[in-house]
Each structure stands twice: as C-alpha cells, then as structure tokens.
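Dear colleague,

I am passing on the structure we spoke about, and I would be glad if you kept it open while you read the notes below.

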Amino acid sequence: MTVLSVEGLSKTFDMHVLGDTQVVGLDDVSFDVREGEFLAVVGESGSGKSSLLKCLYRTYDPTGGRIVYHGADELADGDAGDGIDLAACDDREVIALRDATIGYTSQFLDEIPRVPAVDVVARPLREQGVPAEDARGEARELLSRLDLPEALWEAYPATFSGGERQRVNLAQALSPRPTLLLLDEPTSALDPETRQAAIDLLREYVGEDTTVVGVFHNTAVIEAVADRVVVLDDGKLQRVVPVADFEGEVVG
Ligand SMILES: Nc1ncnc2c1ncn2[C@@H]1O[C@H](COP(=O)(O)OP(=O)(O)O)[C@@H](O)[C@H]1O
Ligand SMILES: [Mg+2]
C-alpha cells in the first residue's frame with residue numbers, strides 16, 4: 001500500500017535581498033513511498049534533500065505539487081481513504097497530524113531549553129497522555145539503546161557534544177512512535193560504534209506500519225537500513241532504485 005504520494009513537488013525561494021531572484025530547492029519531484037518501507041534520500045549538498053523533508057513536514061510551504069498522505073486515513077472522519085494533501089491542508093491539520101502520526105528530526109540540532117535529556121525525550125509521550133514515570137522509563141530505554149552514558153540522562157543537552165545531542169534528538173523523534181518518521185541526517189555526528197547502535201535501533205523500529213524517509217550520506221548506513229533510494233540532483237529527481245542497485249554510488 002502507498003502511504004505517501006509525492007506528485008510534481010516544487011519549492012522555490014524568493015530571495016528579495018538578491019534583487020527578487022529565485023532559488024530552486026525542488027523542481028517537479030514525484031515518487032511514492034510504500035507503507036512499512038525505509039526510503040533513503042541522497043544527493044550532493046544543495047540538491048534539495050532537506051527541502052524535500054521540510055516540505056513533507058510542512059516546515060516549508062511547497063510552491064507546487066501534491067503530497068498525498070494516507071497514514072492518517074483512520075483519523076479522518078469524512079473523506080477516509082482519499083488521503084490528505086500535506087501541501088495544501090491547513091495549518092491546524094498539519095499540527096494534528098504531527099501530534100498523531102508524523103515525526104521529524106532536523107539536520108541541525110536545535111537549541112534545547114534547560115530540561116534534562118530524559119525529559120526532552122519523555123515530553124512527546126507526556127503530551128500523548130503517558131504517565132510521567134512510564135514516559136521517563138521509555139526515554140531511559142531509548143537513551144540507553146543509543147549508548148548515551150547514564151551520567152548524562154539527567155543533564156542538560158545544551159552542554160552536550162554534537163553527537164550526544166544528536167542521540168537525544170533521535171530518541172525524542174522515536175519516543176512517540178510516529179507512523180511516518182522523517183529523518184534529516186540523523187547519524188551524521190555519530191562515531192562508528194554509536195552509529196551502529198542507531199542503525200540497530202532504526203532497523204528494529206521500522207516495520208509493517210512504520211515508514212521512514214531519511215536523508216543519509218553514508219553508504220554503509222544506507223545499505224544497512226534502506227529498502228529503496230531516492231537520488232536527487234540539483235532539485236530534480238534523478239532516479240528511485242532498490243538499495244541493491246545503489247552500490248558504488250557517490251553520495252554527496
Ligand atoms: N530557507 C531557504 N531559503 C533560501 N534558499 C534555500 C532555503 N532552504 C534551502 N534553500 C536552497 O535550496 C537548495 C537546496 O537546499 P537543501 O534542501 O538544503 O539541500 P541539501 O539538504 O540537499 O543540502 C539550495 O540551493 C539552498 O540554498
Ligand atoms: Mg540538507
């Protein structure tokens with residue numbers, strides 16, 4: 001079953017400071033994502049990978065095209081089965097979908113307020129109504145699976161290294177168990193051992209009713225986790241291939 005249909009998706013940026021010129025982020029990109037699939041997105045720096053994920057999460061308003069999402073059909077009352085166009089639905093629907101089914105981690109680690117790591121990870125669960133101690137227990141489990149030293153669980157991520165913070169970010173995205181998970185270079189700051197722990201967790205996490213679209217630049221990671229690979233080049237879709245056919249590709 002198709003969970004997400006990206007149809008002719010475009011994003012241009014108006015650069016008023018550059019004398020009203022336009023920068024192309026994405027140009028007429030189309031592909032489908034199947035339910036339970038792990039789709040890797042690759043391409044040179046500046047090829048549109050982050051723009052694609054931000055359009056899917058609606059951090060960016062697409063300039064054109066459709067993003068038909070079927071992952072919340074059971075939540076819709078009237079038009080169940082038709083999907084929701086993430087490119088066109090109103091902000092309220094976007095927020096409801098994020099709360100219920102769509103998770104995202106950005107490539108750059110957000111400044112985190114003075115909240116202990118374990119509570120940063122537990123917060124989405126608390127917002128779903130999970131009791132505090134259960135939420136914190138789940139958070140500790142995730143942080144331990146990602147090899148974050150126990151001494152840091154009660155410390156503030158603002159003081160952490162890039163790799164430590166990235167693990168908190170990933171744990172926070174996984175904790176509410178979104179059915180569509182969007183990851184922008186989630187392992188880029190990790191050393192090889194920690195990266196392996198993240199890969200193991202992600203492989204276990206994605207399953208029949210969990211779909212992942214993730215930007216990765218490390219070929220070994222892609223081969224370990226992905227089912228198919230979307231290759232972007234200068235904002236355009238170059239091709240979509242099964243991971244077995246991806247071998248030897250240069251990744252930017
Ligand atoms: N918020 C923005 N404002 C202006 N230009 C942007 C913005 N976001 C991305 N771009 C431009 O869109 C293109 C694609 O960027 P991006 O999606 O970040 O690529 P990637 O993640 O593959 O490195 C680049 O030319 C980039 O400068
Ligand atoms: Mg990027």
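In this model, which is predicted, an oxygen atom of ligand 1 lies 3.2 Å from a polar atom in the backbone of Ser47. Two side chains also reach the ligand: Lys49 places a polar side-chain atom 2.8 Å from an oxygen atom of ligand 1, while a polar side-chain atom of Tyr60 is found 3.0 Å from a nitrogen atom of ligand 1. On its own, ligand 1 has 550 Å² of accessible area, and the protein covers 66% of it.

As for where the ligand sits, the space taken by ligand 1 is the second largest pocket. The elements that each give two or more residues to the shell around ligand 1 are the strands β1 (2-15) and β2 (21-34), together with the helix α1 (49-56). There are 14 residues around ligand 1, and those that come nearest are Gly46, Lys49, Ser50, Ser51 and Tyr60. Sorted by class, this shell holds seven polar, five nonpolar and two charged residues.

I also looked at a second site, Glu164, which belongs to helix α5 (residues 162-174). The side chain of Glu164 comes within reach of the backbone nitrogen of Ser161, at 3.0 Å. If we set aside the neighbours within four places in sequence, Glu164 is in contact with Leu148 and Leu152. Measuring from C-alpha to C-alpha, Glu164 and Asp147 are 9.2 Å apart in space, although 17 residues separate their positions in sequence.

With best wishes

Technical notes
Residues are numbered from 1 along each chain as its sequence is written. Chains are lettered from A and ligands numbered from 1 in the order in which they are written. This is a predicted model: local features need pLDDT of at least 70, side-chain atom pairs count only at pLDDT 80 or more; totals for chains, interfaces and linings use all residues. Side-chain values use heavy atoms; hydrogens and water are left out. A residue is near a molecule or strand if one of its heavy atoms lies within 4 Å of it. A polar contact is a pair of N or O atoms within 3.5 Å; within protein, one must be able to donate a hydrogen and the other to accept it, and residues adjacent in sequence count only if both atoms are side-chain atoms. Accessible areas come from the Shrake-Rupley method with a 1.4 Å probe; for residues, only the protein chains shown count as cover. On a 1 Å grid over the protein atoms alone, a cavity is a set of points where a 1.4 Å probe fits but cannot get out, and a pocket is an open set with protein on both sides within 12 Å along at least five of seven lines; lining residues have an atom within 4 Å of a point. A molecule sits in a cavity or pocket if more than half of its atoms lie within 2 Å of its grid points. Helices (H or I, at least four residues) and strands (E, at least two) are DSSP runs, numbered from the N terminus. Ala, Val, Leu, Ile, Met, Phe, Trp, Tyr, Cys and Pro count as nonpolar, Asp, Glu, Lys and Arg as charged, and the others, Gly among them, as polar. Contact means heavy atoms within 4.5 Å.
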